[in-house]
Amino acid sequence: MIHTDMLLCDFHIHTTYSDGSVELRKAIDIFGQAGFDAIAITDHVVSGDNSFGKLAHRFKYSVTANNFNQYIAHIKEEAKRAYDKYGMVVIAGIEITKNRLSVNDSAHILIVDVKEFIPACLSYEEIFLQAKSQKALIIACHPHYMSGTGDRDTLFLWNNREKYARYIDAWEIANRDDVFNVVSLEKYPHIANSDFHKPKHLFSWKTLLNCVNDIDSIKQCIRHNKGVAITLFRN
């Protein structure tokens, strides 16, 4: 079925549940007022097994096993309000965050439509299998070199794509203002996201989907990667 109006989407959004500067309700209002059809809230779940992770946990820049249920319940509560007010679908997600000293060993993974907590300290195979068991989307975040001066590159999944690509439903072909043409050269399934941390990040690369606006249809559209386009959203 062809839908004449494509859905305007962003599946990589942070709030004050991790290192975002905007509270959950305000973040949802920013996207709802801008006319978005579907978004995912994807706060960090940081591996606590090294100095990077310990700092993130100390400053409460990570969703943890202790507050995960509260986090999910809050997103679901706001999702109902968002649909009633804006007709916008809001999906609960997390960003598994494995930061290492070397960018070649670092990786970030979006788990979209997550239902149960997945610790970031698990192996990659365990993370992927737990996400699959929840029927969640697995998306490789900013998998190649980024241009932002404050951004740390996360190259592990790209460097090991032959091993892990079979688990990954889509790769970010664009993140904020960066475009990763290597993803298209490999012909991988793709989407584009803002990696939203503050209001100005609204204006960035986004995904357009040609599907019905419900969670199952959105996930199927991304997995099949037909009717998927990207657009640079500007004020």
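Let's start in a loop: Asn225 sits between helix 8 (215-224) and strand 10 (228-232). Keep in mind that this is a predicted model. From that loop we'll move on to another residue with a positive phi, then to a pair of loop neighbours, and finally to two helices and their salt bridges.

**Backbone oddities**

- Most residues other than glycine have a negative phi.
- Asn225 goes the other way, with a positive phi near 55 degrees even though this residue is not a glycine.
- Asn225 is also buried, since its relative accessible area is 19%, and the cut-off for that word is under 20%.
- Arg176 is another one to look at: its phi is positive, about 55 degrees, and Arg176 isn't a glycine either.
- You'll find Arg176 in the loop between strand 6 (170-175) and strand 7 (178-179).
- Arg176 counts as buried too, with a relative accessible area of 18%.

**The loop between strand 8 and strand 9**

- His197 belongs to the loop that runs between strand 8 (190-193) and strand 9 (205-209).
- At a relative accessible area of 15%, His197 is buried.
- Setting aside residues up to four places away in sequence, His197 touches His14, Asp19, Gly20, Ser21, Val22, His44 and Arg176. Yes, that list includes Arg176, the residue with the positive phi.
- Take Asp19 from that list: His197 and Asp19 are 178 residues apart in sequence, but their C-alpha atoms are 7.1 Å apart in space.
- Phe196 sits in the loop between strand 8 and strand 9 as well.
- Phe196 is buried, and its relative accessible area is 0%.
- Leaving out neighbours within four places in sequence, Phe196 is in contact with a list of residues that includes His12, Ile13, Ala27, Ile30 and Phe31.
- His14 and Val22 are also among the contacts of Phe196, and both of them turn up among the residues His197 touches.
- Phe196 and Ser21 are 175 residues apart along the chain, with 9.3 Å between their C-alpha atoms.

**How helix 1 meets helix 3**

- Two packed helices are described by the angle between their axes and the distance between the axes.
- For helix 1 (residues 24-33) and helix 3 (residues 68-86), the axes come within 10 Å and cross at roughly 30 degrees.
- Angles under 35 degrees count as roughly parallel, so helix 1 and helix 3 are roughly parallel to each other.
- The handedness of this crossing of helix 1 and helix 3 is right-handed.
- On the helix 1 side, the residues that meet helix 3 are Leu24, Arg25, Ile28, Asp29, Gly32 and Gln33.
- On the helix 3 side, they are His74, Ile75, Glu78, Arg81, Ala82, Lys85 and Tyr86.
- Sort the residues of this contact of helix 1 with helix 3 by type and you get five nonpolar, three polar and five charged.

**Salt bridges**

- Side chains of opposite charge can pair when their charged atoms come close.
- How many salt bridges does the structure hold? There are 12 salt bridges in the structure.
- Glu78 pairs with Arg25 in one of them, and their closest N and O atoms are 3.1 Å apart.
- Glu78 lies in helix 3 and Arg25 in helix 1, so this pair ties together parts that are 53 residues apart in sequence.
- Are the two partners buried or exposed? Glu78 is buried at a relative accessible area of 2%, whereas Arg25 is partly exposed at 43%.
- Glu78 also forms a salt bridge with Arg81, with the closest N and O atoms 2.7 Å apart.
- Arg81 and Glu78 are both in helix 3, three residues apart, which is about one turn of the helix.
- Arg81 is buried, with a relative accessible area of 16%.
- Put the pieces together and you have a network of salt bridges linking Arg25, Asp29, Glu78 and Arg81.
- Asp84 and Lys80 meet in a salt bridge of their side chains, at 3.0 Å from N to O.
- Both Asp84 and Lys80 lie in helix 3, four residues apart, about one turn of the helix.
- Asp84 is exposed, with a relative accessible area of 55%, and Lys80 is exposed at 56%.

Methods
Residues numbered from 1 in each chain as written. Predicted model: local features only at pLDDT ≥ 70, side-chain atom pairs only at ≥ 80, totals over all residues. Heavy atoms only, no water. Axes fitted to C-alpha atoms, helices over the stretch in contact; angles between N-to-C directions. Parallel < 35°, antiparallel > 145°, perpendicular 65-115°, else oblique. Left-handed = near helix turned anticlockwise from the far one by under 90°. Contact = heavy atoms within 4.5 Å. Nonpolar A, V, L, I, M, F, W, Y, C, P; charged D, E, K, R; others polar. Salt bridge = Lys/Arg side-chain N within 4 Å of Asp/Glu carboxyl O. Buried < 20%, exposed > 50% of the residue type's maximum accessible area, 1.4 Å probe, protein only.
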